[in-house]
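Here are a few friendly notes to read alongside the model. Keep the structure open as you go through the points.

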Amino acid sequence: MKLETTKTVAEIAVEIPRAIPYFEQKGIDYCCGGRQSLQEAFTKAGVAVEEALGVLEGIARTTDGEVPAQWPSLASLIQYLVDKHHAFTREQLILTGKLGSKVFLVHGKGHPELSGVNRVFNEMAEELKHHLLKEERVAFPFLKALEENEKGASMPFTLKAFQMGPQQILRGDHEATGEQLAALRHLTRGFTPPPDACVTFQAFYRALADLEADLHRHIHLENNLLFPMAEQLVARV
Ligand SMILES: [Fe+2]
Ligand SMILES: [Fe+2]
């Protein structure tokens with residue numbers, strides 16, 4: 001596979017999902033900010049573009065793919081998102097929230113940054129709970145019904161209305177989550193616990209880092225794969 005430097009980071013993350021850890025390692029946003037070209041992204045990250053292409057081509061040649069690049073249907077992708085990412089997000093929000101409160105109670109005085117970390121986390125958690133429900137109760141059932149009844153269905157939205165309505169709302173939520181994650185990363189200095197951190201403190205930062213990694217993958221699949229597939233479906237009906 002020969003890669004073009006004009007391809008966007010998001011396109012590569014869709015075509016070669018196993019490139020995602022490499023993007024993460026280099027601090028490249030493949031998710032909400034994924035519309036930049038490989039050339040731009042690697043230059044900004046201070047990585048030699050030729051070298052990066054070599055690494056990505058190497059990754060593309062290896063076989064075991066955790067996330068399929070092609071989905072037979074919207075319904076199958078939606079099922080994957082709900083079973084894997086929505087389930088993980090809900091569990092992780094509960095765990096992380098408990099750890100955060102405990103660490104704040106015990107170490108809040110000595111580590112004033114914890115108050116900001118907990119505030120941003122709690123805001124994000126609250127918004128995410130609503131976001132998951134919006135997807136599961138409104139957007140996903142609508143898309144599945146549309147796919148099931150593709151032939152003969154009357155489309156309640158024009159493509160433009162779909163883009164400006166449901167899709168824009170969900171993309172806006174994703175953007176907000178992306179900003180909250182970036183704020184958490186900043187406040188925790190890259191989720192690095194201080195030298196005197198106890199085990200719970202370390203577990204809290206670890207839980208935040210795991211949540212960030214999963215949310216980036218989750219949002220990437222929705223922004224860069226689900227929505228484009230949905231647009232094609234809406235345009236056909
Ligand atoms: Fe989702
Ligand atoms: Fe989402």
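1. A definition to begin with: two residues are in contact if their C-beta atoms, placed from the backbone, lie within 7 Å. Please keep in mind that this is a predicted model. With that cut-off, and counting contacts in the protein chain with a separation of 6 or more, 79% are between residues 24 or more positions apart.

2. Now the overall fold. What does the secondary structure of the protein chain come to? There are eight helices and zero strands, and reading along the sequence gives α-α-α-α-α-α-α-α. The radius of gyration is 19 Å, close to the 18 Å from the globule rule for 237 residues, so the protein chain is as compact as a globular protein of that length. Along the principal axes, its C-alpha atoms fill a box of roughly 65 × 45 × 30 Å. Of the 237 residues, 32% are buried.

3. Next, the domains. The domain assignment divides the protein chain into domain 1 (9-61) and domain 2 (74-236). Taken over C-alpha atoms, the centres of domain 1 and domain 2 are 22 Å apart. Where they meet, nine residues of domain 1 are in contact with eleven residues of domain 2. On the side of domain 1 that touches domain 2, the elements giving two or more residues are H1 and H2, and H1 gives the most, with three residues. By character, the residues on this side of domain 1 divide into seven nonpolar, one polar and one charged.

4. The core deserves a careful look. The largest nonpolar core has 54 residues, and among these Val9, Ala13 and Tyr30 touch the most other members. At least two residues of this core come from each of H1 (9-15), H2 (20-25), H3 (38-44), H4 (49-61), H5 (74-107), H6 (113-148), H7 (159-187) and H8 (199-236). Which helix gives the most to this core? That is H8, with 14 residues. Domain 1 (9-61) and domain 2 (74-236) each contribute at least three residues to this core. As general background, nonpolar side chains in soluble globular proteins tend to be buried together.

5. Val9 is a good residue to click on. Apart from its neighbours within four places in sequence, Val9 is in contact with Phe23, Ile28, Tyr30, Gly34, Gln36, Leu38 and Ala41.

6. Val117 is another useful stop, and you will find it in helix H6. Is Val117 buried or exposed? It has 22 other C-beta atoms within 10 Å, so Val117 is buried. Leaving aside neighbours within four places in sequence, the contacts of Val117 are Leu184, Leu187 and Thr188. Although Val117 and Leu184 are 67 residues apart along the chain, 6.1 Å separates their C-alpha atoms.

7. Finally, please check the backbone in the loop between H7 and H8, where Arg189 lies. Phi of Arg189 is near 50°, a positive value in a residue other than glycine. Arg189 is exposed, because 11 other C-beta atoms lie within 10 Å. Phe191 is also in the loop between H7 and H8. It is not a glycine either, yet its phi is positive, at about 60°. Phe191 has 19 C-beta neighbours inside 10 Å, so it counts as partly exposed.

Conventions:
Residues are numbered from 1 along each chain as its sequence is written. Chains are lettered from A and ligands numbered from 1 in the order in which they are written. This is a predicted model: local features need pLDDT of at least 70, side-chain atom pairs count only at pLDDT 80 or more; totals for chains, interfaces and linings use all residues. A nonpolar core is a set of buried Ala, Val, Leu, Ile, Met, Phe, Trp, Tyr and Cys residues joined through C-beta atoms within 7 Å. A residue is buried if 20 or more other C-beta atoms lie within 10 Å of its own, exposed if 12 or fewer, and partly exposed in between; C-beta atoms are placed from the backbone. Helices (H or I, at least four residues) and strands (E, at least two) are DSSP runs, numbered from the N terminus. Domain bounds come from an automatic or database domain assignment. The radius of gyration is taken over C-alpha atoms; the globule rule is 2.2 Å times the number of residues to the power 0.38. Ala, Val, Leu, Ile, Met, Phe, Trp, Tyr, Cys and Pro count as nonpolar, Asp, Glu, Lys and Arg as charged, and the others, Gly among them, as polar.
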